[in-house]
Amino acid sequence: MWLDDLSRTRIESGNLAELIEKSHVVGVTTNPSIFQAAIGSGEGYEDQLADLAVRGVTVDEAVRMMTTADVRAAADVLRPVYETTGGRDGRVSIEVDPRLAHDTEATIAEAKQLAWLVDRPNVMIKIPATEAGLPAITEVIGLGISVNVTLIFSLDRYKAVMDAYLAGLDKAHERGIDLAGIHSVASFFVSRVDSEIDKRLDGIGTDEAKSLKGKAALANARLAYEAYEQAFATDRAAKLAAAGAHKQRPLWASTGVKDPAYKDTLYVDELAAPGTVNTMPEATLKAAADHGDIHGDAVTGTYDASRAELAAVEKLGISYDEVVQQLEDEAVAKFEAAWTDLLGTVADRLADKEAGTK
């Protein structure tokens, strides 16, 4: 279980360390929306904002100085987990600027810069799984930098992500980089699939349509796990594993339930499977601890039923390809908007600090 949240107060108060010690948290993921909420609150950032204002740094530089400081501190808190798991867990992710989602070369340059700025072995650079992101994933992995691939909604794109990862391992191996030091997760988004498809099913309104509500997201994720099993059972993957490579683990993202009609641990209970990561908001983490029903492997063996459920949705006129592309487009736009809001907030705070020193 990884925590889908980070703030300076969570680190400095000891809350993150407590969640690691008592709640089995073994990693942290961030995204632009999380940083916007944390830094937008101002709590814990006043001294650094004042120093940045005195130095007269740009807004973009100020944001990167604050976000990388948080990730670096969280990585230090998680370092013991990283050491005891041989690098498998104890990870903290930081995302490339979402405005670069459709620019391959800029994404590669940003990923290298972030890895250098954070300067911790347990950092993962988050790269979105856009078409432009795929070659960036290959190149960044090929440089020996661990990557969290994010914003995956479709099965075809997920397969392309795994291929990009394996291609990156090939590059790293050719360059003489130790493959054992490279780790990766692929963040496959869950709840948003139900949110969009359920809305369309409600629009159809028939009993058949209503009976399919709450099934598409789990079916999609379970078929992603089947694709994962297949991708890492190939001769190509076996040769890389023999050279020290690790599998790219599926990470279930967006696992907080959006519809109150569903059990709040639905996307935890029903997606437990070997080798997976589930990154949860704190509310979902607490709910899983309190009344989650982890009943073993809930994924393996569900593939035929999952295919049938997605086919039934498609038969009603709801296009799977259209939905997943819409969700990707919306997610990229949402993170870009959050980043823009963050830049605006920091610009205002820096101006206030500068005015106060005159």
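**Entry 1: Leucine 151**

I began with leucine 151, which I found in strand E5 (residues 147-152); strands here are DSSP runs of E with at least two residues, helices are runs of H or I with at least four residues, and both are numbered from the N terminus. I am working on a predicted model, in which local features need pLDDT of at least 70 and side-chain atom pairs count only at pLDDT 80 or more, while totals for chains, interfaces and linings use all residues. I also note that residues are numbered from 1 along each chain as its sequence is written, and that side-chain values use heavy atoms, with hydrogens and water left out.

Although leucine 151 is not a glycine, I read a positive phi of about 60° for it. Leucine 151 is buried at a relative accessible area of 4%, where buried means under 20%, exposed over 50% and partly exposed in between, with a 1.4 Å probe and protein chains only.

**Entry 2: Histidine 24**

I looked up another positive phi in a residue other than glycine, and histidine 24 has one near 65°. Histidine 24 sits in the loop between helix H2 (15-22) and strand E2 (27-28), and with a relative accessible area of 59% it is exposed.

**Entry 3: Lysine 126**

I checked the UniProt record, an unreviewed entry, which lists Lys126 under "active site"; its positions are given in the numbering used here, feature names are shortened, and annotations may be inferred rather than shown by experiment. I located lysine 126 in strand E4 (residues 123-128), and I count it as buried because its relative accessibility is 5%.

Leaving out residues up to four places away in sequence, I find that lysine 126 touches Thr29, Thr30, Asn31, Ser93, Ile94, Glu95, Val96, Asn148 and Thr150, a contact being heavy atoms within 4.5 Å. Its side chain reaches the backbone oxygen of threonine 30 at 2.7 Å; a polar contact is a pair of N or O atoms within 3.5 Å, where within protein one must be able to donate a hydrogen and the other to accept it, and residues adjacent in sequence count only if both atoms are side-chain atoms.

**Entry 4: The nonpolar core**

I then turned to the largest nonpolar core, which has 116 residues, those with the most contacts inside it being Ile125, Ile127, Tyr158, Leu169 and Val346. Its largest share, 12 residues, comes from helix H16 (residues 320-356). Such a core is a set of buried Ala, Val, Leu, Ile, Met, Phe, Trp, Tyr and Cys residues joined through side-chain atoms within 4.5 Å. Beyond four places in sequence, isoleucine 127 touches eleven-strong company that I list only in part, including Val96, Ala111, Ile137, Val147 and Val149.

**Entry 5: Helix H8**

I measured nothing here, but read from the computed values that H8 (residues 155-174) has 20 residues and reaches 29 Å from its first C-alpha to its last, close to the 28 Å expected at 1.5 Å a residue, the expectation being 1.5 Å times one less than the number of residues. At its start, a side-chain oxygen of serine 154 comes to within 2.9 Å of the backbone nitrogen of arginine 157. Among the buried residues of H8 I noted Arg157, Tyr158 and Leu169, whereas glutamate 174, also in H8, is exposed at 68% relative accessible area. Just after H8, glycine 176 takes a positive phi of about 80°.
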